[in-house]
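Here are some exercises to try on the structure below. Have a go at each task yourself, then follow the solution step by step.

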Amino acid sequence: NCYSLRRRMRASRVGRFIRPASVVDLGAVMEYLLAEVLELAGNCARDNKRKVIKPRHVMMAVEMDDELKPLFSDVIMPGSGVVPGVHTCLMWKRVGALNSFLYTRMDLGSDIQEQARQGLSKTQVGAKE
């Protein structure tokens, strides 16, 4: 309803005067954004073989869309969980031959030490020139 939207805009003191045409435009933009998010969330729910859209599906749909992601960057959605993904330093890597089943964790400390060594060599090269 445009009248309730205009009343809310007046209460939040968006501007001194609020024209009815601006309220109609704002309502149209909000309707478009809602339709876009719900369509993507419905597709995400269907991909996960669910019939009900949950906050998790909305969050995953927003995170996968490049245009909506900056718009929702500071939004915290309760009940949506976290974005799926594992950092590379936490992955298991194979040790030895291809057929062996010996795995080890990647050492995060050695990676940081290697970056520090590379950083020192760059500063030393810059100092010599």
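**Exercise 1. Find out how many salt bridges the whole structure has, and which side chains are involved.**

Step 1. Start with the rule: a salt bridge is a side-chain nitrogen of Lys or Arg within 4 Å of a carboxyl oxygen of Asp or Glu. Side chains of opposite charge can pair when their charged atoms come close.

Step 2. Search the whole structure, and you get 1 salt bridge. Its partners are Lys-69 and Glu-63, with 3.7 Å from N to O.

Step 3. Now check how covered the partners are. Buried means under 20% relative accessible area, exposed means over 50%, and partly exposed is in between (1.4 Å probe, protein chains only). Lys-69 is partly exposed because its relative accessibility is 40%, and Glu-63 is partly exposed too, at 25%.

A word on the ground rules: this is a predicted model, where local features need pLDDT of at least 70 and side-chain atom pairs count only at pLDDT 80 or more, while totals for chains, interfaces and linings use all residues. Residues are numbered from 1 along each chain as its sequence is written, and side-chain values use heavy atoms, with hydrogens and water left out.

**Exercise 2. Work out the order of helices and strands along the chain.**

Step 1. Helices (H or I, at least four residues) and strands (E, at least two) are DSSP runs, numbered from the N terminus.

Step 2. Count them up: the chain has 4 helices and 2 strands.

Step 3. Walk along the sequence and you'll read α-α-α-β-β-α.

Step 4. For the overall picture, 14% of the 129 residues are buried. The accessible surface (Shrake-Rupley method, 1.4 Å probe; for residues, only the protein chains shown count as cover) is about 11,200 Å², and 59% of that belongs to carbon and sulfur atoms.

**Exercise 3. Compare the span of α2 with the expected one, then say what its buried residues pack against.**

Step 1. The expected span of a helix is 1.5 Å times one less than its number of residues.

Step 2. With 28 residues, α2 reaches 41 Å from first C-alpha to last, close to the expected 40 Å.

Step 3. Look for the covered positions: Val-23, Val-37, Ala-41, Cys-44 and Ala-45 are buried in α2. The buried residues of this helix pack against α1 (2-11) and α3 (55-64). Contact here means heavy atoms within 4.5 Å.

Step 4. Zoom in on the α1 side. Cys-2 is in helix α1 and, setting aside neighbours within four places in sequence, is in contact with Val-23 and Val-24.

**Exercise 4. Which residues make up the largest nonpolar core, and which helix gives the most to it?**

Step 1. A nonpolar core is a set of buried Ala, Val, Leu, Ile, Met, Phe, Trp, Tyr and Cys residues joined through side-chain atoms within 4.5 Å.

Step 2. The largest one has 6 residues: Val-37, Ala-41, Val-58, Ala-61, Val-62 and Leu-68. Both α2 and α3 supply at least two residues each, and α3 gives the most, with 3.

Step 3. Follow one link. Not counting residues up to four places away in sequence, Ala-61 touches Leu-40 and Ala-41.

**Exercise 5. Is His-57 buried or exposed, and what is it in contact with?**

Step 1. Locate His-57 in helix α3. It counts as buried because its relative accessibility is 6%.

Step 2. Leave aside neighbours within four places in sequence, and the contacts of His-57 are Ala-41, Cys-44, Ala-45, Asn-48, Arg-50 and Val-52.

Step 3. Try a distance as well: His-57 and Asp-47 are 10 residues apart in sequence and 9.8 Å apart in space, C-alpha to C-alpha.

**Exercise 6. Find what is notable about the phi of Lys-49, and where this residue sits.**

Step 1. Most residues other than glycine have a negative phi.

Step 2. The phi of Lys-49 is near 60°, a positive value in a residue other than glycine.

Step 3. Lys-49 is in the loop between α2 and α3, just after α2. Its relative accessible area is 74%, so Lys-49 is exposed.
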